[in-house]
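Could you walk me through this model in my viewer, one selection at a time? I would like to know what to pick next and what I will find there.

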Amino acid sequence: MVEKQSISVDDVRHFLKYWKDNHSPSYGAMLNSLRRFFRDFLNYPDIVRTFKYPPPPLPDKVVLSKEQLQQFYNTLSTLKEKAYFLMLATTGLRRSEVLKLEKTDISFDTRMVRPKPHEGRTKHSWITFFNDETKSVLKEYLETIKSESNRLFPNDRRRMDRSAWKRG
């Protein structure tokens, strides 16, 4: 039987350093094995209790092709949905940012969008631009709005999400 004084947390950390630096997927498996060994067989759970497992790898992002995006765009039935989609696709704004846009946030002369600043820590006030196709669809859409609201997309988020995005 191994004596508790002969193995320390630093010894385990030194052993795991190779796996952490060179074989990150194997690090979690090795740590799992060591935890079980020290906890169940040697009855020394304190030696490996403080070690943290690595975060799981992020799944690969699915990036749609230009043809797939065009196919989706062509299935949109209303001018509002098309304008919304083009604003998302061309400006790089988040969904909530596009839905909060007001008509005064958009300059058609420069094709510029200046979203209102918000309190979040990830993004600050900045500007973005949109292309000519978005400009023409957006102008056409704005001519059809009958709402008194200054909002570009006056309906709430749930209503927009239930439209074409959920149809398939």
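Start by selecting residues 132–144, helix α6 of this predicted model. How far apart are its end C-alpha atoms? They are 19 Å apart, which agrees with the 18 Å that 13 residues should span at 1.5 Å a residue.

Keep α6 on screen and colour Thr134, Val137, Leu138 and Tyr141, the buried residues of this helix. Now turn the view until you look down the axis of α6: these buried residues fall within an arc of 100°, so they line one face of the helix. The spacing rule behind such a face is a general one: an α-helix has 3.6 residues a turn, so residues three or four places apart point the same way.

What lies over that face? Show α3, α4 (79–91) and β1 (106–107), which are among the elements covering the buried residues of α6. Then swing round to the other side of α6, where Asp132 and Glu143 are exposed.

Stay with Asp132 and add Arg111: their side chains meet in a salt bridge, 3.5 Å from N to O. This pair links distant parts of the chain, since Arg111 sits in the loop between β1 and β2 (112–113) and Asp132 in helix α6, 21 residues apart. Arg111 counts as partly exposed because its relative accessible area is 28%, between the 20% limit for buried and the 50% limit for exposed.

How many salt bridges does a search of the whole structure find? It finds five. For another of them, select Arg39 and Asp40, whose side chains meet at 2.8 Å, N to O. Both residues are partly exposed, Arg39 at 42% relative accessibility and Asp40 at 37%. Add Arg36 to the selection as well: salt bridges that share partners join Arg36, Arg39 and Asp40 into one network.

Next, pick Asp46 and Arg49, another salt-bridged pair, with 2.9 Å from N to O. Is each partner partly exposed or exposed? Asp46 is partly exposed at 42% relative accessibility, whereas Arg49 is exposed, with a relative accessible area of 54%.

For the last stop, leave the charges and select Val62, Leu64 and Leu69, which make a nonpolar surface patch of about 290 Å². Leu69 lies in helix α3 (residues 66–75), and α3 is also among the elements that cover the buried residues of α6. Leu69 itself counts as partly exposed because its relative accessibility is 35%.

Methods: Residues numbered from 1 in each chain as written. Predicted model: local features only at pLDDT ≥ 70, side-chain atom pairs only at ≥ 80, totals over all residues. Heavy atoms only, no water. Patch = residues over 30% accessible without salt bridge, like charges linked within 9 Å, V, L, I, M, F, W, Y side chains within 5 Å. Areas by Shrake-Rupley, 256 points an atom, 1.4 Å probe, with all protein chains shown as cover. Salt bridge = Lys/Arg side-chain N within 4 Å of Asp/Glu carboxyl O. Helix = DSSP H or I, 4+ residues; strand = E, 2+ residues; numbered from the N terminus. Buried < 20%, exposed > 50% of the residue type's maximum accessible area, 1.4 Å probe, protein only. Expected span 1.5 Å × (residues − 1). Arc of directions from axis to C-beta. Contact = heavy atoms within 4.5 Å.
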